[in-house]
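Let's work through some exercises together, one step at a time. Please look at the structure first, then try each task before you read its solution.

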Amino acid sequence: MTRAAGFHLHFYQPPRENPWLGLSSHEWSAWPYHDWNERITAECYRAMVAVALTGDDGEVELYEPLGRSSVDVGPTLHHWLDRYATDVGSALADQVARAPGGAPARVLAAPLVHAILPLASPIDQERLVAWGIADYRERYGVAPRGMWLPETAVDLATLGVIAAQGIEYTVLMANQAVRVRPPGGEWVPVDEGNLDTSRAYVVRLADGTGVTVVFGQHDLSQRVAFGGLIADGVHLADVMAEAAAASDGIVLVVADGETYGHHHHFGDLGMCWALRRLEREHGVATSLGSWLAEAGPTWEVELAAVSAWSCAHGVERWRSDCGCVTGERPGWSLDWRAPLRDALDWLRATLGARIDEALARRVRSGHEVLVDYGRVIAGAIDPAAFVARHTPTPSSDEVTTEVLELCEAYRNLLYSFTSCAWFFADPGEIETSIVLRYAAVAIDAARRLFDEDLEPGFVERLAAVRSMNHGVAGAALWHRAVDDARVDDERVAAAAAAQWVAGASATVHERGVFSLAVEPAGDLVRVTLTHRPTMRRRRNEFAVRQVGAFAWRVRNADGPGVEFTEADFGEDVVARLAMATLLGAERLDVEAALNEFATQLLARAATAEDERVLVSLAGAARYVSPIGEAAIRRALLALRATRGPGVWGESLTELADALGIETTRSSGG
Ligand SMILES: [Zn+2]
């Protein structure tokens, strides 16, 4: 039998962007980085591209672990890397392309959304898997052989869905197996303590086909992820090699990729030391895909009816108070999980039925359209060409946009099942807010498409979703999650008008998923907005006035003439306006603007607008250097001197907290 010892790296982050804009918002807790993706990229993803290792001769080698491991990258993280860390994605593609067997031997696909597949309907399972495969094919130019299942959540139906789409194998953990049998032999019960994980198994499906399963080595995976084993790569390699020799099979350490460098600082080094030693000192293969190609399964395994790697109760963690939780505090309850899932299931069923009816009127097959939409999300086909392929006759622009709106509404519904929403102890935090925002985007689409307001019905169903940490429930929790992020086309167009007048943007520019073309129209500013995913367009003329250093009034000259202020524009636009005001047109330098702003503030009384400007500028930088941080400190202290801590809003207080500046002072003394 072939020996192998190596690592499976599961890289994943939930989608963090504002789903209306397609732009990621800042997260102060990730300071001095813009957000957690940015911080984890620095600590882990970029660090893992090439790790400097010293050899016995003192020479430094740049070691590339990704092409020597088994990897999956959640598509939502991959899309973020495509936009903000292109070097990481292209390094991964390059390293796996150079490895024997190419991407299929190194990289597992994943469903597009990190949803618990056994809790999704068969039709949603099929589309989530198809979209993940479309993403993979567009990225690597080939079909995947393996697929990672979110949270390794699996049942027989899930395996049937991936097998039907050509997936040959997946990676699970030992606690998911119930019994095994050798060829022609009897079933033997197993548990995570005694399952022999050195061989590959096959799960037989009802139709006679099967899916190969490779299990992570339980003890070593646990000690790497949650113990200190990764601190000593030499020792780790020796332990893994010894286990591989004893079993004459594979030893696979399965953990979150973020273990290496983010959860455990220098874990990236430990992992690379181990990998290099396994290859060079012990002479064992390290790649799961290559090992599997030679050592295919002979034994059968029967899995628990439904199971996952971070819940001991099937998949209850993602729908009920099963007790499995991260971040709990005494007195907190998990009874919000069931009503959250029920509310989302209701929205999926209600809006999904409307979408199916409407698609049936426009395209040859609504189901095929929604399966094939994965290629649009992957960027493999242009949206207009996609609609043309599926409509029986050439479509008007209105029909093209309607079909795309229907597909996007459905996509947002599926994103609202991102499993992280149920994972942690409190639904008032970002992970749950994210799924509520996707639900809100779908609800907004329903208003446009069907002139139907699903929001009251949905919010009513959230009544029992309570945040203990923030003291909000139901409607209050909903508004806290959604209101600040929600934008509509008119507001985006108004912001573009102000930005253009300030000289902070070119005539044609993009903002997230929007394309904007701006031109003068007499005394007014004409904005043509295109929402790229749906090709939805609107044209408006705006009257733009600057009424203070950082204060703007933008009135829609059409119809009832809605007026917007800078508070409606979004932090990214406020930051651009401030940079243009402080530094001159189109000089977009966040730190220079922060310095200039702090200098000005120290010489005058601060206003309420200043707070918004400071928060927006501080939140605009992908990374705040010590120079930028010093300017933010000066500005904060100037604000406190003239406005006092009592009048600071929540966002300014959060910023001060991130920098470790005390925001409350006792009035006694
Ligand atoms: Zn559980």
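Below are four short exercises, each followed by a worked solution.

This is a predicted model, in which local features need pLDDT of at least 70 and side-chain atom pairs count only at pLDDT 80 or more, while totals for chains, interfaces and linings use all residues. Residues are numbered from 1 along each chain as its sequence is written.

**Exercise 1. The sheet**

Find the order of the strands in the open sheet that contains E1, and state which strands stand at its edges.

*Solution.*
Step 1: Strands (E, at least two residues) and helices (H or I, at least four) are DSSP runs, numbered from the N terminus. Two strands pair if DSSP finds at least two bridges between them.
Step 2: The open sheet has 4 strands in the order E7-E6-E1-E14, with parallel pairing.
Step 3: E7 (107–108) and E14 (250–256) are the edge strands; each has a single partner strand, so one side of each is left without a neighbour in the sheet.
Step 4: Now follow E1 (residues 4–11), which is joined to E14 by 7 bridges. Ala5 has Val251 as its bridge partner in E14, and Leu9 stands opposite Ala255. Towards E6 (residues 70–73), E1 pairs over 4 bridges, with His10 opposite Asp72.
Step 5: Check burial, where a residue is buried if 20 or more other C-beta atoms, placed from the backbone, lie within 10 Å of its own, exposed if 12 or fewer, and partly exposed in between. In E1, 8 of its 8 residues are buried. Ala4, Gly6, His8 and His10 point one way, while Ala5, Phe7, Leu9 and Phe11 point the other way.

**Exercise 2. The cores**

Work out which helix gives the largest share of the largest nonpolar core.

*Solution.*
Step 1: A nonpolar core is a set of buried Ala, Val, Leu, Ile, Met, Phe, Trp, Tyr and Cys residues joined through C-beta atoms within 7 Å.
Step 2: The largest one has 155 residues, and Val214, Met240, Ala439 and Ala442 have the most contacts inside it.
Step 3: Helix H16 (residues 430–450) gives the largest share, 11 residues. Domain 1 (4–307) and domain 2 (337–482) each supply at least three residues to this core; the domain bounds come from an automatic or database domain assignment.
Step 4: Take Ala439 as an example. Leaving out residues up to four places away in sequence, Ala439 touches Leu344, Leu347, Ser416 and Phe458; contact means that the C-beta atoms, placed from the backbone, lie within 7 Å.
Step 5: A second, separate core has 54 residues, including Ala493 and Leu594.

**Exercise 3. Two packed helices**

Describe how H2 and H3 pack.

*Solution.*
Step 1: Axes are lines fitted to C-alpha atoms, for helices over the stretch in contact, and angles run from 0 to 180 degrees between N-to-C directions.
Step 2: H2 (residues 75–84) and H3 (residues 86–98) pack at about 115°, with axes 6 Å apart.
Step 3: His78, Leu81 and Asp82 of H2 meet Thr86, Val88 and Gly89 of H3.

**Exercise 4. One loop residue**

Is Ala463 buried, partly exposed or exposed?

*Solution.*
Step 1: Locate Ala463 in the loop between helix H17 (455–461) and strand E17 (466–467).
Step 2: Ala463 has 14 C-beta neighbours inside 10 Å, so Ala463 counts as partly exposed.
Step 3: Not counting residues up to four places away in sequence, Ala463 touches Ala473 and Gly474.

Methods:
Contact = placed C-beta atoms within 7 Å.
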